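Biologist: Hey, got a minute to walk me through this one? I'd like to get my bearings before I go back to the bench.
Modeller: Sure, pull it up and ask away.
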Amino acid sequence: MKISVRNIGLVVMAVAAMGGHSLNATAQQLKAETIDEVVKAMTLEEKCHMVLGRGMHFNDEAKFPGTAGSTFSISRLGVPETYCADSQQGLRMSAKRPWDHREYYPTDFVASMTLASTWDREAAFKVGQGIGNEVREFGLDWILSPAMNLIRNPLCGRNHEYYSEDPYLSGTIAAGYVRGVQSEGTAACPKHFVANNQETNRNNNISQVSQRALREIYLKAFEIMVKESDPWTIMTSYNKLNGPYAVQNRELLTTIVRDEWGWKGMFVSDWNAGDDAVAAMMAGNDMLQPGQDRQYQAIFDAAKSGKLPMEVLDANVRRILEYVVKTHNFKGYQANSEPNLKAHAQVVRQVGADGIVLLKNSGVLPLAGKRVALFGCTSYDWISGGSGFGGTSLGRYTVSLVEGMRSAGYEVYKPLISLYTKHLADEEKRLFPNGRPAFSLMPPARADEKQFTADELNAAIEGSDVAIISLGRKSGEAADRSESDFYLKEGEKQLIKAVSEAYHAKGKQVVVLLDICSPIDVASWQNQIDALVCTWQGGQESGFSVADVLCGKVNPSGKLPMTFQVKYGDAYADKNFPASVDDKTMGSMFMWGRNKDDAKKREPQANIDYTNYEEDIYVGYRYFDSFGKPVAYPFGFGLSYTTFAYENMSVSEANGVYTVKVDVKNTGKVAGRNVVELFVAAPNSKKLNKPEKELRNYAKTRLLQPGETETVVMTVKTEDLASFNEKASAWKTDAGTYSFLICSSASDVEAKATAKVKAWTKKVNNVMKPNVKLNLLKR
């Protein structure tokens with residue numbers, strides 16, 4: 001029988017634990033102040049194990065079934081095993097355990113876009129805090145979130161996990177989430193670092209990004225998050241960046257994050273990322289998950305030969321131990337498996353409602369009539385979040401739209417419930433003749449829309465005051481959505497047309513709810529309806545949250561965290577995204593690192609093997625705004641049931657900090673909250689190849705009663721206004737008169753003030769250059 005070096009190491013440590021190892025009598029026990037001594041006391045075998053995970057815990061006999069993995073333990077040195085789990089929307093773990101009568105159902109929190117649409121740092125903190133608490137009370141230490149890659153394209157398969165197209169909004173919402181998680185003593189793990197903006201061939205794709213775009217857009221979100229929340233860990237991504245894998249890129253992990261940003265936490269790989277364990281250690285990626293024998297062998301051999309210097313390996317181990325001493329398991333916390341699920345459900349309901357965005361309203365909302373007819377399969381099969389490990393956690397329930405509307409006092413037209421119940425059952429048999437899979441990385445197929453006869457529609461009109469049509473989209477890990485998924489399906493078009501024409505002919509109105517994971521086409525059909533509400537995906541309390549907004553109990557205050565473009569292809573980045581590649585299974589083909597050699601057998605293909613970020617810094621509104629391209633709905637857009645005025649705006653400066661004040665007054669008839677968006681426009685932006693304006697801060701008011709005013713105060717530093725100058729390898733703020741803009745969206749300036757800004761420069765290392773020449777977009 002062949003025994004691997006890794007197994008030999010386990011035998012040695014087993015002997016040591018029984019007193020057969022000479023170090024046992026003198027070994028230093030792990031404490032925060034003894035980490036260096038513990039590292040010195042470790043054997044080489046122990047160090048090589050310490051930098052690797054302990055496998056995935058998907059079997060029923062694991063301590064925490066259904067979780068992502070754990071870290072190595074060394075009992076003789078007092079190093080315990082610590083445990084980690086997905087996902088973005090809450091702790092993902094098996095609800096049932098063998099020989100255990102209890103249930104382990106965590107809360108299904110809101111999807112990331114819903115959270116970002118609140119534009120509320122405190123909401124992000126509350127969600128993170130609830131998740132951190134459940135991780136602790138269920139006995140684990142570490143949650144593998146938040147995912148915070150930028151939404152570069154509406155078809156990315158993991159957009160449901162991401163926040164925004166803007167780095168400032170993404171970074172600050174992520175920071176709030178991280179602070180919330182870690183306030184409970186649980187480790188957060190922001191991911192996927194960095195430029196992981198597509199799922200197609202994610203294990204091999206090279207993101208080719210200019211230094212400027214990398215610094216200003218993709219790294220900036222992480223930089224803001226790191227400096228505002230100091231996460232204990234960060235997860236590196238699958239993709240390559242300008243050549244090497246992110247997990248093996250020393251310029252990225254050490255030069256920028258550790259040396260420039262001053263971060264001292266632990267880097268962990270995405271599961272089975274990269275192809276060279278030793279290179280990952282050298283780069284500063286401290287832990288490789290879930291851990292493989294071949295990785296152990298490579299690290300062990302390299303350390304023995306000197307190829308991997310011991311000081312590098314020791315540094316990796318030291319950072320891991322610095323994480324371990326903060327954890328619940330190290331501190332001996334006795335988990336009770338009984339977090340306050342009722343309190344967390346209230347957070348989900350509140351944040352879910354605050355993240356709903358009202359896009360169009362022709363006077364139908366809030367609903368006055370009490371009889372509603374619910375159309376669309378999604379009305380009866382509500383989507384609470386995305387698929388994959390970063391999607392919805394395995395919650396015990398999702399509140400349906402029917403239950404939500406009834407709880408708000410509405411009468412739901414019953415014959416439609418019966419018709420849809422039968423239709424969905426028939427579609428389930430058609431789509432899944434052998435049963436629905438228990439888990440899927442990519443979203444399972446959804447039912448085709450039911451069509452109605454004239455008699456059925458007339459009966460529904462007689463039995464209701466308003467029609468509500470729900471449209472759904474779900475995305476998942478390992479594959480991107482297709483361009484066709486951006487547009488309505490034929491059945492959806494027919495349903496909207498038929499219902500709208502029938503209801504309008506009788507003088508009644510139609511509302512459409514978008515239970516979606518990413519922007520879709522609305523421009524081609526929204527003129528047929530009376531109100532359009534983007535509910536996003538609000539977790540387990542979705543039905544209640546939606547009903548709270550439709551009935552007016554909650555005044556909608558959500559704002560779009562990304563642009564809704566008129567049609568696919570309008571954004572410059574769309575041409576460099578795999579929206580129409582021939583092989584749509586590319587993402588899953590390369591899942592978990594399998595078949596990497598296949599890519600070497602063919603010519604590299606654009607947007608599969610490499611993706612050129614030729615839009616450069618012009619992502620999202622930065623492109624549409626700067627180049628005058630029309631949009632369906634701009635970044636930052638969202639209506640309310642009331643109105644707001646912006647008065648007495650001022651800008652003052654002291655020591656390079658610009659303080660912006662503005663009075664926000666509720667000029668309408670109902671109470672409401674309002675998001676105040678602060679954009680800044682640089683002088684000569686077109687000449688200097690800068691965006692027309694950029695988001696630099698934001699604030700959300702308290703609930704303002706009619707006639708009530710709140711003075712909102714926001715600050716911007718001179719360095720916050722800097723652009724990255726590649727030739728000088730420096731951040732530079734150009735001197736001049738800048739415009740500070742109070743906006744209600746990227747397209748709507750409500751108040752304006754100017755201030756003179758002095759020049760500012762900060763030199764940095766000239767690193768991370770793309771290894772090809774990019775044809776970059778310029779103004």
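Biologist: How much space lies in the largest pocket?
Modeller: About 810 Å³. Keep in mind that this is a predicted model.

Biologist: Which residues are closest to the centre of that pocket?
Modeller: Lys220, Glu223, Ile224, Glu719 and Asp720, out of 29 residues that line it.

Biologist: And which element gives the most to the lining?
Modeller: Helix 7, with 8 residues. That helix covers 211-229. At least two lining residues each also come from helix 6, helix 8 (250-260), strand 20 (694-700), strand 21 (709-717) and strand 26 (760-763).

Biologist: Let's stay on helix 6. Is it mostly buried or exposed?
Modeller: Buried: 15 of its 16 residues are, so the rest of the structure largely encloses helix 6.

Biologist: What span should helix 6 have, and how far apart are its ends?
Modeller: Helix 6 runs over residues 167-182, and at 1.5 Å a residue those 16 residues should span 22 Å. The C-alpha atoms at its ends are 22 Å apart, so the two agree.

Biologist: What happens at the start of helix 6?
Modeller: Asp166 has a side-chain oxygen that comes to within 2.9 Å of the backbone nitrogen of Tyr168.

Biologist: Moving along the chain, where is Arg202?
Modeller: In the loop between helix 6 and strand 4. Arg202 has a relative accessible area of 2%, so it counts as buried.

Biologist: What does its side chain make a polar contact with?
Modeller: The side chain of Glu199, at 2.7 Å. Another thing about Arg202 is how the chain brings it together with Asp609: they are 407 residues apart in sequence, yet 8.8 Å apart in space, C-alpha to C-alpha.

Biologist: You mentioned strand 4. Which sheet is it in, and in what order do the strands come?
Modeller: An open sheet of 3 strands in the order 6-4-15, with parallel pairing. Strand 6 (240-241) and strand 15 (610-612) are at the edges with a single partner strand each, so each has one side without a neighbour in the sheet.

Biologist: How many bridges join strand 4 to strand 6?
Modeller: There are 2, and the strands run parallel. Ile206 has Lys240 in strand 6 as its bridge partner.

Biologist: What about the sheet with strands 1, 2 and 3, how is that one paired?
Modeller: That one is an open sheet in the order 1-2-3, and its pairing is mixed. Strand 1 (69-70) and strand 3 (142-143) are the edge strands, each pairing on one side only. Strand 1 and strand 2 (residues 83-85) run antiparallel and are joined by 2 bridges. Gly69 has Cys84 in strand 2 as its bridge partner.

Biologist: And where is Asp86 found?
Modeller: In the loop between strand 2 and helix 4 (112-117). Its relative accessibility is 11%, and the cut-off for buried is under 20%, so Asp86 counts as buried.

Biologist: What is Asp86 in contact with, apart from its neighbours within four places in sequence?
Modeller: Ala68, Leu91, Arg92, Ile143, Leu144, Lys191 and Phe389.

Biologist: There's a lysine I wondered about too. Is Lys47 buried or exposed?
Modeller: Buried, with a relative accessible area of 7%. Lys47 sits in helix 3 (residues 44-50). Leaving aside neighbours within four places in sequence, its contacts include Met310, Leu313, Asp314 and Val317.

Biologist: OK, switching again. Where does Met235 lie?
Modeller: In strand 5 (residues 233-236). Met235 is buried, at 1% relative accessible area. Beyond neighbours within four places in sequence, Met235 is in contact with residues including Leu144, Cys189, His192, Phe193, Val268 and Trp271.

Biologist: How far apart are Met235 and Leu365?
Modeller: They are 43 Å apart in space, C-alpha to C-alpha, and 130 residues apart in sequence.

Biologist: Last one: how many residues of strand 9 are buried?
Modeller: 4 of its 5, so that strand (residues 371-375) is mostly covered. Strand 9 pairs in the parallel sense with strand 10 (residues 411-412) over 2 bridges, and Val372 stands opposite Val412 there. Strand 9 also pairs in the parallel sense with strand 11 (residues 466-472), over 4 bridges. In that pairing, Ala373 has Ala467 as its bridge partner.

Biologist: Great, thanks!

Notes
Residues numbered from 1 in each chain as written. Predicted model: local features only at pLDDT ≥ 70, side-chain atom pairs only at ≥ 80, totals over all residues. Heavy atoms only, no water. Expected span 1.5 Å × (residues − 1). Buried < 20%, exposed > 50% of the residue type's maximum accessible area, 1.4 Å probe, protein only. Polar contact = N/O pair within 3.5 Å; in protein donor to acceptor, adjacent residues only side chain to side chain. Pairing = 2+ DSSP bridges. Contact = heavy atoms within 4.5 Å. 1 Å grid on protein atoms, 1.4 Å probe; cavity = no way out; pocket = protein on both sides within 12 Å on 5 of 7 lines; lining within 4 Å. Points joined across faces, edges and corners; volume = space filled by probe spheres on them.
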